[in-house]
Amino acid sequence: MAHSNPKLAEIDPVWAQITEEARAAIAAEPLLGGLIHGSLLHHEKLESALAYRFSQKLASPEMSEQILREITDEAYAADPWLGEAARADIVAVFDRDPACDRFLQPVLFFKGFQAIQAYRVGHWLWNQGRKDMSYFVQMRTSEAFGVDIHPAARIGKGIMIDHAHSIVIGETAVVGDNVSMLHSVTLGGTGKEHDDRHPKIENGVLIGAGAKVLGNITVGYCSRIAAGSVVLEAVPPMKTVAGVPAKIVGEAGCTHPSISMDQMIGTKG
């Protein structure tokens, strides 16, 4: 994955917007001042705020906030792509979730966003050969957010996971850029084989609530999977599939279904 533009540290409109919103939020609700100062305004950049939030949410009697903060600071310093992906995820949530009207909401309140950032740190640890620590992050992410993503899975940026309860993404799964999914989605295997056994979700795919995509199959770019579907066969690009087992029921309805978030079969987004 490509690293971010070094000028991002100098001009960061996402972080500037978050800090502006944070000050307004404190003015509107002073009782949240401690949370917002500690989580946002105390920090000079988004990466620092995310590391703080990660350590606060995932700390336990087994692993202190300080250790988790040091791990996450190390990850963000070593791989600028992590911060770039987080910014893309924030914008994705803001653009696609009608319940989100400020950039600060995903960082402070939305477990889907927080879980995907925790996964990204776990994935970085996995790639560094620190597999036991990455499994610890996976475990705590599942316990804290109800989202279970294997640290070896490969996930792009601009990801929106709405509500995020009971999301499961397996070890050899691949998720492209600008993918949206709702709660209770599973990207799983079909047995106990140990090789490449999980789905490959291409860019721009929309996966409805409760959908199960199983096996080493490809879901083509800008396609839609209807809520509650069980997908066992490859999906061509820009198609809509629905049912158990899922079948093609039409075109995707628009060029970017993951952005339009139109989940109605037979409509055009």
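A residue counts as buried when its relative accessible area is under 20%. With 14%, Trp126 is therefore buried. Keep that cut-off in mind as you explore this structure, which is a predicted model. Below you will meet two parallel sheets, a nonpolar core of 76 residues, two aromatic pairs and a hairpin formed by S14 and S15.

**Aromatic pairs**

- A pair of aromatic rings is described by two things, the distance of the centres and the angle of the planes.
- The count of aromatic pairs here comes to two.
- One of them joins Phe94 and Phe103, whose ring centres are 4.9 Å apart and whose planes make an angle of 80 degrees, an edge-to-face arrangement.
- Trp126 and Tyr135 also make a pair, with ring centres 5.5 Å apart and planes at 85 degrees; planes over 60 degrees apart count as edge-to-face, so this pair is edge-to-face.
- Are the partners buried or partly exposed? Phe103 is buried, at 13% relative accessible area, whereas Phe94 is partly exposed, at 31%.
- Trp126 is buried, at 14%, while Tyr135 is partly exposed, at 34%.

**The nonpolar core**

- The largest nonpolar core holds 76 residues.
- Which of its residues touch the most other members? They are Ile18, Leu40, Ile169, Met181, Leu187, Ile201 and Ile207.
- Helix H7, covering residues 111-127, gives the most to this core, with eight residues.
- Ile18 is a good place to start looking: leaving aside neighbours within four places in sequence, Ile18 is in contact with Leu40, Leu46, Ile90, Phe103, Leu104 and Val107.
- Phe103, one of those contacts of Ile18, is the ring that pairs with Phe94.

**Two helices that cross**

- Helix H3 (residues 46-58) packs against helix H5 (residues 81-96) at an angle of about 85 degrees, and their axes are 10 Å apart.
- Angles from 65 to 115 degrees count as roughly perpendicular, so H3 is roughly perpendicular to H5.
- On the H3 side, the contact is made by Leu46, Glu47 and Leu50.
- On the H5 side, Gly83, Ala86, Arg87 and Ile90 take part.
- Leu46 and Ile90 may look familiar, as both are also in contact with Ile18.

**Two parallel sheets**

- Five strands make an open sheet with parallel pairing, in the order S1-S4-S7-S10-S13.
- Its edge strands are S1 (147-149) and S13 (230-231), each of which pairs on one side only.
- S1 runs parallel to S4 (residues 167-169), and three bridges join them. Asp148 has Val168 in S4 as its bridge partner.
- Another open sheet has four strands, in the order S2-S5-S8-S11, again with parallel pairing.
- Here the edges are S2 (154-155) and S11 (218-219), and each pairs on one side only.
- Strand S8 (residues 200-201) pairs with S11 in the parallel sense over two bridges. Lys200 has Thr218 in S11 as its bridge partner.

**The S14-S15 hairpin**

- In contrast to the sheets above, S14 and S15 pair in the antiparallel sense, over four bridges.
- The bridge partner of Lys239 is Glu251 in S15.
- Where is Gly243 found? Gly243 lies in the loop between S14 (239-242) and S15 (247-251).
- Four residues lie between the strands of this hairpin, and Gly243 takes a positive phi near 110 degrees.
- Gly243 is partly exposed, with a relative accessible area of 30%.
- Beyond residues up to four places away in sequence, Gly243 touches Ser229 and Val230.
- Gly243 and Val231 are 12 residues apart in sequence, and their C-alpha atoms are 8.2 Å apart in space.

**Backbone details to look for**

- Most residues other than glycine have a negative phi, and most peptide bonds are trans.
- The peptide bond from Val244 to Pro245 is cis, with omega near -5 degrees. Pro245 sits in the loop between S14 and S15.
- Ser184 is not a glycine, yet its phi is positive, near 65 degrees. You can find Ser184 in the loop between S6 (180-181) and S7 (186-188).
- Met238 is not a glycine either and has a positive phi of about 60 degrees.
- Met238 belongs to the loop between S13 and S14, and Met238 is partly exposed, at 29% relative accessible area.

Note on methods: Residues numbered from 1 in each chain as written. Predicted model: local features only at pLDDT ≥ 70, side-chain atom pairs only at ≥ 80, totals over all residues. Heavy atoms only, no water. Buried < 20%, exposed > 50% of the residue type's maximum accessible area, 1.4 Å probe, protein only. Contact = heavy atoms within 4.5 Å. Pairing = 2+ DSSP bridges. Phe/Tyr/Trp six-rings, centres within 6.5 Å; stacked < 30°, edge-to-face > 60°. Core = buried A, V, L, I, M, F, W, Y, C linked by side-chain atoms within 4.5 Å. Axes fitted to C-alpha atoms, helices over the stretch in contact; angles between N-to-C directions. Parallel < 35°, antiparallel > 145°, perpendicular 65-115°, else oblique.
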